[in-house]
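Visitor: I am new to this structure and would like a close look at a single part of it. Please take me through that part slowly, and then show me how it sits among its surroundings.

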Amino acid sequence: MLAVGLLIGFSSLNPAKAVVVSGADFAVIETAGPGNTGYYTVINHSVSEFIYGFSVTNPLASSVNSWTTEPGWIAGKTPVFGYPKTGFGYLTAPGFWTFPRGRPVFHVSSLTIGPDESSSSFFFGTAELASVVTLLLVDAKGNFSSINFDATQAAPAVPEASTWAMMILGFAGIGVLAYRRRRNGSATA
C-alpha cells in the first residue's frame, strides 16, 4: 500500500520547467504548468523601447491553444498565412501618429510593455517549451524594430510539496516492509 504512494509521487512530478530567453534588455520566461498549460512572462529592461508584440516558436503549436488576459492584446498561432502553425503570437497596437501643425508625432500606446515593465498575462496550451522568441519593438519616435533570441537556460523540474510528501511516504513504506521481511525471515530461521 505504501509503495503505491511512491509510485503516485513519481508519476505526479509537475513539469514546472522555465525556459529563460533573453537579450541584452529583454527576457521572456516560459513556465509550464500542470497538464498542457503554461504562461509567458515578458520583461522589458530597456530604456527606450516598447514591446508591442512577440512570437514564440513551439513545435506543437498547431494542436494547442493560445490566449491572453492582457488588456488590449490578442493571441494567435503563427505564422498567420501559409506554412504550418509552429508558434504563438501576441500583439497589441504599437501607437498612432498625429500631425499637429503638419509635423508627424508618434504616440506610443499605453497597452505596450514599456521600459522597466513586465507582464505574465500570456498563456499557452502545450507541455512543450519554446526555442526561439521574436520581440516586436517601437520607440517613442515611431521607429520599429524586432529582435530574435534563443533559449539560454532551462531550470530543472521541481516537484511540488505534495509530491515530496508522497515520495517520502513511499520510501518509508518500502523501508518498513523491507525491515519486517528481514525481521520475519530471521525469526523463522
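Is Trp-67 buried, partly exposed or exposed, and why does it count that way?

Guide: Before turning to that residue, please keep in mind that this is a predicted model. Trp-67 belongs to strand S5, and it counts as partly exposed because its relative accessible area is 36%, which falls between the 20% below which a residue is buried and the 50% above which it is exposed. Once residues up to four places away in sequence are set aside, Trp-67 touches Ala-75 and Tyr-90, and also Ser-121, Phe-122, Phe-123, Phe-124 and Gly-125. Phe-88 is 21 residues away from Trp-67 in sequence, and the two C-alpha atoms are 9.1 Å apart in space.

The residue before it in the numbering is Ser-66, which has its place in strand S5, a strand that covers residues 66-68. Ser-66 is buried, because its relative accessible area of 17% is under the 20% cut-off. Leaving out residues up to four places away in sequence, Ser-66 touches Ala-75, Gly-76 and Lys-77, together with Phe-88, Tyr-90, Phe-123 and Phe-124. Ala-75 and Tyr-90, which Ser-66 touches, are also touched by Trp-67, and Phe-123 and Phe-124 likewise appear both among the contacts of Ser-66 and among those of Trp-67.

Following the chain onward, we come to Thr-69, in the loop between S5 and S6. Thr-69 counts as exposed, because its relative accessibility is 53% and the cut-off for that class is over 50%. Apart from neighbours within four places in sequence, Thr-69 is in contact with Ser-121 and Phe-123. The C-alpha atoms of Thr-69 and Phe-123 are separated by 8.3 Å, although these residues are 54 apart along the chain.

Some of these names return when we look at the largest pocket, which holds about 160 Å³ of space. Its lining includes Ala-75, Gly-76 and Tyr-90, alongside Gly-53, Phe-54, Ser-55, Ile-74, Gly-89, Leu-91, Thr-134 and Leu-136. The elements that each give two or more residues to this lining are S4, strand S6 (74-78), strand S7 (87-91) and strand S11 (132-139). Ala-75 and Tyr-90 are therefore residues that line the pocket and that are also touched by Trp-67.

Phe-122, one of the residues that Trp-67 touches, leads us on to Val-42, which lies in strand S3 (residues 38-44). Val-42 is buried, because its relative accessible area is 0%. Val-42 and Phe-122 are 80 residues apart in sequence, while their C-alpha atoms are 8.5 Å apart in space. With residues up to four places away in sequence left out, Val-42 touches Phe-122 and also Ala-27, Ile-51, Phe-54, Ile-113, Glu-117, Ser-118 and Ser-119. Phe-54, among these contacts of Val-42, is a further residue of the pocket lining.

Ile-113, another residue that Val-42 touches, is also in contact with Glu-49. Glu-49 lies in strand S4 (residues 49-57), and it is buried yet has no salt bridge, the nearest side chain of opposite charge being that of Lys-141, 11 Å away. Beyond its neighbours within four places in sequence, the contacts of Glu-49 include Phe-26, Asn-44, Gly-114, Pro-115, Leu-137, Val-138, Asp-139 and Ser-145.

From Pro-115, which is in contact with Glu-49, we can move to Asp-116, which lies in the loop between S9 and strand S10 (117-124). Asp-116 has a phi near 60°, a positive value in a residue other than glycine, and it counts as exposed because its relative accessibility is 65%. A positive phi, near 55°, is also found at Arg-101, again a residue other than glycine. Arg-101 has its place in the loop between strand S8 (95-98) and strand S9 (105-108), and it counts as exposed because its relative accessibility is 85%.

Finally, we can set this part within the whole chain, which has 2 helices and 12 strands. From the N terminus, the order of elements begins with a helix, continues with the strands and ends with a helix. Of the 189 residues, 35% count as buried, and among contacts between residues at least 6 apart in sequence, 62% join residues at least 24 apart.

Key
Residues numbered from 1 in each chain as written. Predicted model: local features only at pLDDT ≥ 70, side-chain atom pairs only at ≥ 80, totals over all residues. Heavy atoms only, no water. Helix = DSSP H or I, 4+ residues; strand = E, 2+ residues; numbered from the N terminus. Buried < 20%, exposed > 50% of the residue type's maximum accessible area, 1.4 Å probe, protein only. Contact = heavy atoms within 4.5 Å. Lys, Arg positive; Asp, Glu negative; His and termini not counted. Salt bridge = Lys/Arg side-chain N within 4 Å of Asp/Glu carboxyl O. 1 Å grid on protein atoms, 1.4 Å probe; cavity = no way out; pocket = protein on both sides within 12 Å on 5 of 7 lines; lining within 4 Å. Points joined across faces, edges and corners; volume = space filled by probe spheres on them.
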